[in-house]
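Q: I am new to this structure and should like to learn how its features are read. May we go through them one at a time?

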There are 2 protein chains.
Amino acid sequence: MNTQHFSTKERILGAAEQLFATHGFAGASLRQVTAAANVNLAAVNYHFGSKENLINEVFRRRLDDLNAHRIEELDKAAARTDSDLEDLLSAFIRPALDLSLDRTGGGAFIRVLARAFAEHNDALRKFLSDNYGHVMKRFHAAFAQRLPNLDKEELYWRLDIIAGALTYAMADFGVIKRKTGVTEQTHRERAVEHLIRFAAAGLRAP
Amino acid sequence: MNTQHFSTKERILGAAEQLFATHGFAGASLRQVTAAANVNLAAVNYHFGSKENLINEVFRRRLDDLNAHRIEELDKAAARTDSDLEDLLSAFIRPALDLSLDRTGGGAFIRVLARAFAEHNDALRKFLSDNYGHVMKRFHAAFAQRLPNLDKEELYWRLDIIAGALTYAMADFGVIKRKTGVTEQTHRERAVEHLIRFAAAGLRAP
DNA sequence: TCGTAGGTAAAACGAGCGTTTGAATGCTAC
DNA sequence: GTAGCATTCAAACGCTCGTTTTACCTACGA
């Protein structure tokens, strides 16, 4: 993580992601971050202006990719005529799984994202809604097409529940512990399979 | 909240709950807490010993009640011969709803609980598992009886997903905004109805 | 070769942190 | 009424926080 061929900005972002995931935004200090990144303390304010803005950049770095992949997968699923509910769910869920398994710290990012929900920060919510609201709209439309008998508002509720369960599962909040002999990757993939099966049945509920 | 007929300890616990929910454990200072509680700064260390211990007491105050109510409701549902899956889910979910609507700050506590999951604190997880693990066991047994064809491990996964979705819904993490003219109470009750319907279908999935 | 701009460095700023201290206060039992 | 105890209070402790300042390095175009 601290290897020298990453730029100062990249090393700060990586270290901040890890430490925000572990200790929270208030709990991780810039002195911890810069020490972990092996850069000078003043580098954060030089490159990012403030701690607040560093937090925003930690989000931007990952979310653009995540939601682009979701749209990409959704388009693929929509193109095929034989795609079902599980395929749509997979388009939404698997990119998050891939990110959580990314070896450059994506797993930490999912935990950061979960913290962001807990922060209940209005500015951040607006940022998420403004930048990624269209993704939710696209998925809603796709699901609505497959579930023509489901009330629109009811569908919104159910998608919200799925997003919550996904965040919870990917951030490893749950009580189910990984068994010895099962890799982290396998554990997460199983969680996704269970989640998709569960969510598909929930969506099909009358 | 600051009315004088509450004891100093009670006023500190109430103010701490609110501020931990809003700003997190690290983000809320004892100066903020004692100011909101209208007590002297030194009162926290006098009555609770440390900030760390104050956090523990905030949990203990609510969780004993919550899980006692869950067991109570579960026993009631189990006693009736015509009880179904939805009744069991209700026994698990409604006490959390009631707590979230409690006018003495229970709503804030649910958000504190969600933060605790995000903290990923091993000591806290052990505390929760030690003190309330038997509740999950009771519910697992009850669900297993109603779903004899469902694999035991599969059931654990699904209950974990439901707990995640519940935490997410009750802590108001979701993107669904309360419409004007709908009270907070009504909004939460609708969330619970949706959640129970969704979860019941998910549990019945093959 | 020199001037300049981009980046890094160490040190310090004022503010706020959790905690401790010791004196003042209120209450109860004698 | 007063001794003894629990509680409250103002003040201060040492420390860490995010941020700013100022000096220094280094590379590159003129």
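Q: Which helices each supply at least two residues of the surface near DNA strand C?
A: One takes the residues near the strand and looks up the helices to which they belong. In this predicted model, helix 3 (43-48) of chain A and helix 2 (30-37) of chain B each supply at least two residues of that surface.

Q: Which helices each supply at least two residues of the surface near DNA strand D?
A: Here they are helix 2 (30-37) of chain A and helix 3 (43-48) of chain B.

Q: Which residues come closest to DNA strand C, and which come nearest to DNA strand D?
A: DNA strand C is surrounded by 15 residues, the closest being A:Thr8, B:Ser29, B:Leu30, B:Arg31 and B:Lys51. Around DNA strand D there are 15 residues, of which A:Leu30, A:Arg31, A:Lys51, B:Thr8 and B:His47 come nearest.

Q: What classes of residue make up these surfaces?
A: The surface near DNA strand C holds six nonpolar, six polar and three charged residues. The surface near DNA strand D divides into six nonpolar, six polar and three charged residues.

Q: How are the strand atoms within 4 Å of the protein divided between sugar or phosphate and bases?
A: For DNA strand C, 48% of such atoms belong to sugar or phosphate, and the rest to bases. For DNA strand D, the sugar or phosphate part is 49%, and bases again make up the rest.

Q: Where do N or O atoms of the protein lie with respect to phosphate oxygens of DNA strand D?
A: One reads the distance between the two atoms, and notes whether the protein atom is in the backbone or a side chain. A backbone N or O atom of A:Leu30 is 2.9 Å from a phosphate oxygen of DNA strand D. In the side chain of B:Thr8, an N or O atom is 2.5 Å from a phosphate oxygen of this strand; for the side chain of A:Asn45 the distance is 3.3 Å.

Q: What are the corresponding distances for DNA strand C?
A: A phosphate oxygen of DNA strand C lies 2.9 Å from a side-chain N or O atom of A:His47, and one lies 3.3 Å from such an atom of B:Asn45. For a polar side-chain atom of B:Lys51, the distance is 2.8 Å.

Q: How many residues of each chain take part in the contact, and how many salt bridges are counted?
A: Chain A gives 44 residues and chain B gives 44 residues. About 4,000 Å² is buried between the chains, with 65% from carbon and sulfur atoms. The count is two salt bridges, including that of B:Glu154 with A:Arg197, whose closest N and O atoms are 3.0 Å apart.

Definitions and conventions. Residues numbered from 1 in each chain as written. Chains lettered and ligands numbered in written order. Predicted model: local features only at pLDDT ≥ 70, side-chain atom pairs only at ≥ 80, totals over all residues. Heavy atoms only, no water. Near = heavy atom within 4 Å. Polar contact = N/O pair within 3.5 Å; in protein donor to acceptor, adjacent residues only side chain to side chain. Helix = DSSP H or I, 4+ residues; strand = E, 2+ residues; numbered from the N terminus. Nonpolar A, V, L, I, M, F, W, Y, C, P; charged D, E, K, R; others polar. Contact = heavy atoms within 4.5 Å. Buried area = accessible area lost by both parts, 1.4 Å probe. Salt bridge = Lys/Arg side-chain N within 4 Å of Asp/Glu carboxyl O.
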